[in-house]
Amino acid sequence: MSDEPYLFDVGVTALAHAGTPVSDVALAYVRQAIAGEIQAIVPHASLIGAHHILSSVYGFANERASALMQRFMDAKRIHWYEELAEDTVRAGFECAGEMNIDGWDGYYAQVAIEEGAETILTLDDDFNRIDELTTEVILSSEEFRTLNEFLGY
């Protein structure tokens, strides 16, 4: 692992809290971030997305997903990116349009660039299209198969 900060994509946060057969992979990163062993940047907005994923994909009750995200927010060694500035959102949309990626991914990429995080921890490789960033897809192909089987895909 690098000494440089990592931006946590929404999928990593959701998976770490989901209790799947492969959640330990994501949970290891979250634990390192909470302990201050790695520099983590987590946008507050991504916690809303993680709540949505926990409730809609992993079948959590809204109350449980809310409690998990609120407890995660208590981690003091994580750099919580609180802004949702217009300039950042616009630049994220420009990135999304140019790179043909989701708007959320464009926003996360822009936050990573603005905050000096060269690496995004993620479950997908969409960020590979952005030259300024390195993508660390945290699951292996076998782990993705295990997750997909667990989810019934």
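This talk describes the sheet, the helices, the nonpolar core, the aromatic pairs and the salt bridges of one predicted model.

Good morning. I shall begin with the sheet. Five strands make up an open sheet, and their order is β3-β2-β1-β4-β5, with parallel pairing. The edges are taken by β3, residues 79–81, and β5, residues 134–137, each of which pairs on one side only. Averaged over the sheet, and with direction ignored, neighbouring strands are turned by 30 degrees against each other.

At one end of that order, β4, which spans residues 119–122, pairs with β5 in the parallel sense over four bridges. Within this part of the sheet, T122 stands opposite V137 of β5.

Two helices may be placed relative to these strands. Helix α2, residues 23–35, lies across β1 (6–8), β2 (40–43), β4 and β5, and runs at about 120 degrees to β1. Helix α3, residues 44–56, also packs on the sheet; α3 touches β1, β2 and β3, and its direction makes about 70 degrees with that of β2.

I turn now to the interior. The largest nonpolar core has 51 residues, and the members that touch the most others are L7, F8, L15, L54, Y58, I78 and I138. Which helix gives the most to this core? That is helix α1, residues 10–18, with six residues.

How enclosed is α1 by the rest of the structure? Nine of its nine residues are buried, so α1 is largely enclosed. The buried residues include V10, V12, L15 and H17. Directly after α1 comes G19, whose phi is positive, near 70 degrees.

Y58, which I named among the core residues with the most contacts to other members, also reaches α1. Leaving aside residues up to four places away in sequence, Y58 touches A14, L15, A18, T20, I53, L147 and L151. Of these, A14, L15 and A18 are among the buried residues of α1.

A further buried position is C95, in helix α5, residues 86–99. C95 has a relative accessible area of 13%, and it counts as buried because this value is under 20%. Which residues does C95 touch, once those up to four places away in sequence are set aside? The contacts are N100, I101, G106, A109 and I130. C95 and D105, ten residues apart in sequence, have their C-alpha atoms 8.7 Å apart in space.

Next, the aromatic residues. The structure holds four aromatic pairs. In one of them, the ring centres of F72 and W80 are 5.2 Å apart and the planes stand at 80 degrees, so this pair is edge-to-face. F72 and W80 are both buried. Elsewhere, W104, Y107 and Y108 are linked into a cluster by ring pairs.

Finally, the charged side chains. Side chains of opposite charge can pair when their charged atoms come close. The model has three salt bridges, and I shall take each in turn.

The E86 and R90 side chains form a salt bridge in which the closest N and O atoms are 2.9 Å apart. Why are E86 and R90 separated by about one helical turn? The reason is that they are four residues apart in helix α5. E86 is exposed, with a relative accessible area of 52%, and R90 is likewise exposed at 52%.

The salt bridge between D126 and R129 has an N to O distance of 3.7 Å. Is D126 buried or exposed? D126 is buried, because its relative accessible area of 19% is under 20%. R129, at 39%, counts as partly exposed.

In the salt bridge of E142 with R145, the closest N and O atoms are 2.9 Å apart. Both residues belong to helix α7, residues 141–151, where they are three residues apart, about one turn of the helix. E142 is partly exposed at 47% relative accessible area, and R145 is partly exposed at 46%.

To summarise, the predicted model has an open, parallel sheet of five strands, with α2 lying across four named strands, β1, β2, β4 and β5, and α3 packing on the sheet. Helix α1 gives the most residues to the largest nonpolar core. Thank you for your attention.

Notes
Residues numbered from 1 in each chain as written. Heavy atoms only, no water. Buried < 20%, exposed > 50% of the residue type's maximum accessible area, 1.4 Å probe, protein only. Contact = heavy atoms within 4.5 Å. Pairing = 2+ DSSP bridges. Axes fitted to C-alpha atoms, helices over the stretch in contact; angles between N-to-C directions. Phe/Tyr/Trp six-rings, centres within 6.5 Å; stacked < 30°, edge-to-face > 60°. Core = buried A, V, L, I, M, F, W, Y, C linked by side-chain atoms within 4.5 Å. Salt bridge = Lys/Arg side-chain N within 4 Å of Asp/Glu carboxyl O.
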